[in-house]
Amino acid sequence: MDIRCRKTTCFYNNKYTCTAKEILVGSNMVCTTYKKTNKTEPDTSKTMFERAPEYAPQRDSKTLDIGCKAHCIFNKEGECIANGITVNAIAEKPYCMTFVTRS
């Protein structure tokens, strides 16, 4: 499972890969596992057309539990069954960008 996180101010973020043992996406699609830190990651957006940012290797889904409370097609009995998720930083909150609403 590919877990990518653009919230570079999170304690668990290592080169855009989440290192938390468990992730919980709340009903409002916000990653509740987010833990703010004072570390400063380089702003790769300044050079994004010059070179690709360095990413940490993806993690095996067997070592990571992703809980989900959102009304999403990937939510199966409170567990995320997506092939991978991306968490982004929108309006200061770490939103799950993989979210697709159920009808």
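## A walk through an all-strand chain

At 46% relative accessibility, phenylalanine 11 counts as partly exposed. We'll come back to that residue in a moment; keep in mind that what you see here is a predicted model.

**The overall picture**

How many helices and strands does the protein chain have? It has zero helices and nine strands, so if you read along the sequence you simply get β-β-β-β-β-β-β-β-β, given that strands are DSSP runs of at least two residues. Of the 103 residues in the protein chain, 35% count as buried. The chain exposes about 6,900 Å², and carbon and sulfur atoms supply 51% of that area. Now look at contacts between residues at least 6 apart in sequence: 67% of them join residues at least 24 apart.

**A strand with two faces**

In a regular strand the side chains alternate between the two faces of the sheet. You can follow this along strand β4, residues 22-25. Ile23 and Val25 point to one face and are buried, while Glu22 and Leu24 point to the other and are not. And which strand does β4 pair with? Its partner is β5 (residues 65-68), in the parallel sense, over four bridges. Within that pairing, valine 25 stands opposite cysteine 68 in β5.

**Around the rings**

Back to phenylalanine 11. The structure holds one aromatic pair. Its members are phenylalanine 11 and tyrosine 12, with ring centres 5.2 Å apart and planes at 85°, so the pair is edge-to-face. Tyrosine 12 counts as partly exposed too, because its relative accessibility is 23%. Phenylalanine 11 has another visitor: lysine 35 lies over the face of its ring, 4.5 Å from the ring centre.

**Two lysines, two settings**

Is lysine 7 buried or exposed? Lysine 7 is buried, because its relative accessible area is 5% and anything under 20% counts as buried. Lysine 7 sits in the loop between β1 (2-5) and β2 (13-14). Leaving aside residues up to four places away in sequence, lysine 7 touches Asn13, Tyr34, Val87, Ala89, Glu92, Lys93 and Pro94.

Lysine 69, on the other hand, is exposed at 56% relative accessibility. You'll find lysine 69 in the loop between β5 and β6 (75-76). With residues up to four places away left out again, lysine 69 touches Leu24, Val25, Gly26, Ser27 and Asn75. Two of the names there, Leu24 and Val25, belong to the alternating stretch in β4. Lysine 69 is also 11 residues from cysteine 80 in sequence and 9.1 Å from it in space, going from C-alpha to C-alpha.

**Cysteines without bonds**

How many disulfides does the structure hold? The count is zero. Cysteine 5 is in no disulfide, and the nearest cysteine sulfur, in cysteine 10, is 5.7 Å away. The sulfur of cysteine 96 has its closest cysteine sulfur in cysteine 80, at 6.4 Å, which is too far for a bond, because a disulfide needs the sulfur atoms within 2.5 Å. Here are the two cysteines side by side:

| Cysteine | Closest cysteine sulfur | Relative accessible area |
|---|---|---|
| Cysteine 5 | cysteine 10, 5.7 Å | 9%, buried |
| Cysteine 96 | cysteine 80, 6.4 Å | 12%, buried |

So cysteine 5 is buried at 9%, and cysteine 96 is buried at 12%.

Notes. Residues numbered from 1 in each chain as written. Predicted model: local features only at pLDDT ≥ 70, side-chain atom pairs only at ≥ 80, totals over all residues. Heavy atoms only, no water. Buried < 20%, exposed > 50% of the residue type's maximum accessible area, 1.4 Å probe, protein only. Contact = heavy atoms within 4.5 Å. Areas by Shrake-Rupley, 256 points an atom, 1.4 Å probe, with all protein chains shown as cover. Pairing = 2+ DSSP bridges. Phe/Tyr/Trp six-rings, centres within 6.5 Å; stacked < 30°, edge-to-face > 60°. Lys NZ or Arg CZ within 6 Å of the ring centre and 35° of its normal.
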